[in-house]
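Visitor: I am new to this structure and would like a close look at a single part of it. Please take one residue and work outward from there.

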Amino acid sequence: MTTIPRSALLLGLAGLIPFFWGALTVLRPELAEWGTMTIGPRFVGPHVQLFYGAVILSFMSGVLWGFATKATGRAATAGYILSVIPALWAFFMTGGGPTGAAVNLIVGFLGLLMLDWHFWQMGLAPKWWMRLRGLLTALVVLSFLPLVL
């Protein structure tokens, strides 16, 4: 089965909302002002994108850890080691201002895609995994462009 399950696709796409909301509030100051007054400054602009990006990289570390549990021996050990990289990247690389943090998150998400591919190649991820991860990664990277251009 190479078709992405509907629930995985819908939840994955819904998970993009904070990224694109943040991008919209960067591009539209009046929307940022409304968001600040309505839901608070933490939930607009780079704040929401950068914080949520770090959360998602950490979440994806857990997903990769789950894939590693399907391996044995040295492959499992390597999988566990590789699986913590996205969370550590998010922790250490999201400081230093919004532009630098956004660039580092873009690199982190592209690196995560390579790890996804590695686990997929090993047969530890579902057959449809790379179709979903490629789509979501492209959209996440696109959402960060207003912060880096």
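Guide: What follows starts at one residue, moves to its helix and a neighbouring helix, and ends with the whole chain.

The model is predicted. The residue chosen is Asn 104, which is found in helix α7, a helix that covers residues 98-121. Is Asn 104 buried or exposed? Its relative accessible area is 18%, and buried means under 20%, so Asn 104 counts as buried. Setting aside neighbours within four places in sequence, Asn 104 is in contact with Trp 89 and Met 93.

Next comes the helix that holds Asn 104. Helix α7 meets helix α8, which covers residues 129-148, and the axes of the two come within 9 Å and cross at roughly 170°. Angles over 145 degrees count as roughly antiparallel, and therefore α7 is roughly antiparallel to α8. By class, the contact between α7 and α8 has 17 nonpolar, 3 polar and 2 charged residues. On the α7 side, the residues that take part include Leu 105, Ile 106, Phe 109, Leu 110, Leu 113 and Trp 117. On the α8 side, they include Met 130, Val 140, Val 141, Phe 144 and Leu 147. Among the residues of this contact are also Asp 116 in α7 and Arg 133 in α8.

Helix α7 has a further partner in α2. In α2, which covers residues 17-27, the residues Phe 19, Trp 21, Gly 22, Ala 23 and Thr 25 are buried. The buried residues of α2 pack against α7 and α8, and also against α3 (29-39) and α4 (45-68).

The last step is the chain as a whole. The protein has 8 helices and 0 strands, and read along the sequence its pattern is α-α-α-α-α-α-α-α. Of the contacts between residues at least 6 apart in sequence, 69% join residues at least 24 apart. Of the 149 residues in the protein, 38% are buried, and Asn 104 is one of the buried residues.

As for overall dimensions, the C-alpha atoms fill a box of roughly 55 × 35 × 25 Å, taken along the principal axes. A compact globule with 149 residues would have a radius of gyration near 15 Å, and the 16 Å of the protein agrees with that. The protein exposes about 8200 Å², and carbon and sulfur atoms supply 74% of that area.

Note on methods:
Residues are numbered from 1 along each chain as its sequence is written. This is a predicted model: local features need pLDDT of at least 70, side-chain atom pairs count only at pLDDT 80 or more; totals for chains, interfaces and linings use all residues. Side-chain values use heavy atoms; hydrogens and water are left out. Helices (H or I, at least four residues) and strands (E, at least two) are DSSP runs, numbered from the N terminus. Buried means under 20% relative accessible area, exposed over 50%, partly exposed in between (1.4 Å probe, protein chains only). Contact means heavy atoms within 4.5 Å. Axes are lines fitted to C-alpha atoms, for helices over the stretch in contact, and angles run from 0 to 180 degrees between N-to-C directions. Angles under 35 degrees count as roughly parallel, over 145 as roughly antiparallel, 65 to 115 as roughly perpendicular and the rest as oblique. Ala, Val, Leu, Ile, Met, Phe, Trp, Tyr, Cys and Pro count as nonpolar, Asp, Glu, Lys and Arg as charged, and the others, Gly among them, as polar. The radius of gyration is taken over C-alpha atoms; the globule rule is 2.2 Å times the number of residues to the power 0.38. Accessible areas come from the Shrake-Rupley method with a 1.4 Å probe; for residues, only the protein chains shown count as cover.
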